[in-house]
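Welcome! Take a moment to look over the sequence and turn the model around on your screen, and then we can walk through it together.

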Amino acid sequence: MYAIIGTGGKQYKVSEGDVITIERLEVEEGQSVDFDQVFTIIDGENVLIGKPLVEGAVVTGEVLNHGRDKKIMVFKYKSKNNYRRRQGHRQPFTKVCIKSITAPKAKATRGRKPKAEKVEEAVEA
């Protein structure tokens, strides 16, 4: 079973037990966090696709730690004008371990029935 969630303006494909690195959240380490922006839940043959979100679906995770990524250098340059600017940036992040994916109690289908089954139903009727 896996789900596609949205947080920090990005989308992530997660399943139970995954550890993901996302944009920094204002949550203490060790606390749980709920992601209610769930776009899709796939569990074997059952597929729930939201319009745009799956109503009632929640993905729960636990905050492991906070940190900052490696430094990247931003360099602006314009030729012939003696214009140079150098700046560094370290993006803050939060590591989250996904604990559970909760889907709503709704009827899930994976498209139409194959034509062969429809023909058999018509013959029986």
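Which residue does Y2 stand opposite in β5? The partner of Y2 is I42. Before following that pairing further, please keep in mind that what you see is a predicted model.

Let us begin with the overall plan. The protein chain contains ten strands and one helix. If you read along the sequence, the strands come one after another and the helix follows at the end, in the pattern β-β-β-β-β-β-β-β-β-β-α. Of the 125 residues in the protein chain, 26% are buried. The surface that the chain exposes comes to about 9,400 Å², and carbon and sulfur atoms supply 47% of that area. Contacts often reach far along the sequence: among those with a separation of 6 or more, 66% link residues that are 24 or more positions apart.

Now back to the strand where we started. β5 (38-43) is mostly covered, with five of its six residues buried. β5 pairs with β1 in the antiparallel sense over four bridges, and the pair of Y2 and I42 belongs to these two strands. β5 also runs antiparallel to β6, to which four bridges join it. Within that pairing, T40 has I49 in β6 as its bridge partner. β5 and β6 form a hairpin with two residues between them, and G44 in the turn has a positive phi of about 65°.

On the other arm of this hairpin, strand β6 (residues 46-49) holds L48. Is L48 buried or exposed? L48 counts as buried because its relative accessibility is 14%, and the cut-off for buried is under 20%. L48 also gives a nice example of how the fold brings distant parts of the sequence together: L48 and A3 are 45 residues apart in sequence, with their C-alpha atoms 9.3 Å apart in space. Beyond β6, in the loop that leads to β7, you will find P52. A cis peptide bond joins K51 and P52, with omega about 0°. As a rule, most peptide bonds are trans.

Next, look for the open sheet of four strands. Its order is β3-β10-β7-β4, with antiparallel pairing. Because β3 and β4 stand at the edges, each has a single partner strand, and one side of each is left without a neighbour in the sheet. On average, neighbouring strands of this sheet are turned by 45° against each other, direction ignored. Two of its members, β7 and β10, pair in the antiparallel sense over ten bridges.

One place in this sheet deserves a closer look. T94 is in strand β10, and H66 stands opposite T94. The side chains of T94 and H66 are also joined by a polar contact of 3.0 Å. T94 counts as buried because its relative accessibility is 0%. Leaving aside neighbours within four places in sequence, T94 is in contact with residues including I20, T21, I22, V63 and N65.

What lies inside the protein? The largest nonpolar core has 20 residues, and those with the most contacts inside it are I5, F35 and V59. β1, β2, β3, β4, β5, β7 and β10 each supply at least two residues of this core, and the largest share, three residues, comes from β10. In soluble globular proteins, nonpolar side chains tend to be buried together. I5 shows how such a residue is surrounded: apart from neighbours within four places in sequence, I5 is in contact with residues among them Y12, V14, I20, F35, V38, F39 and V59.

Finally, move out to the loop between β8 (72-78) and β9 (83-89), where K80 is placed. N82 sits in the loop between β8 and β9 as well. What sort of phi does K80 have? K80 has a positive phi of about 65° although it is not a glycine, and N82 has a positive phi of about 55°, again without being a glycine. For comparison, most residues other than glycine have a negative phi. K80 is exposed, with a relative accessible area of 82%, and N82 counts as exposed at 67% relative accessibility.

Methods
Residues numbered from 1 in each chain as written. Predicted model: local features only at pLDDT ≥ 70, side-chain atom pairs only at ≥ 80, totals over all residues. Heavy atoms only, no water. Core = buried A, V, L, I, M, F, W, Y, C linked by side-chain atoms within 4.5 Å. Buried < 20%, exposed > 50% of the residue type's maximum accessible area, 1.4 Å probe, protein only. Contact = heavy atoms within 4.5 Å. Areas by Shrake-Rupley, 256 points an atom, 1.4 Å probe, with all protein chains shown as cover. Pairing = 2+ DSSP bridges. Axes fitted to C-alpha atoms, helices over the stretch in contact; angles between N-to-C directions. Polar contact = N/O pair within 3.5 Å; in protein donor to acceptor, adjacent residues only side chain to side chain.
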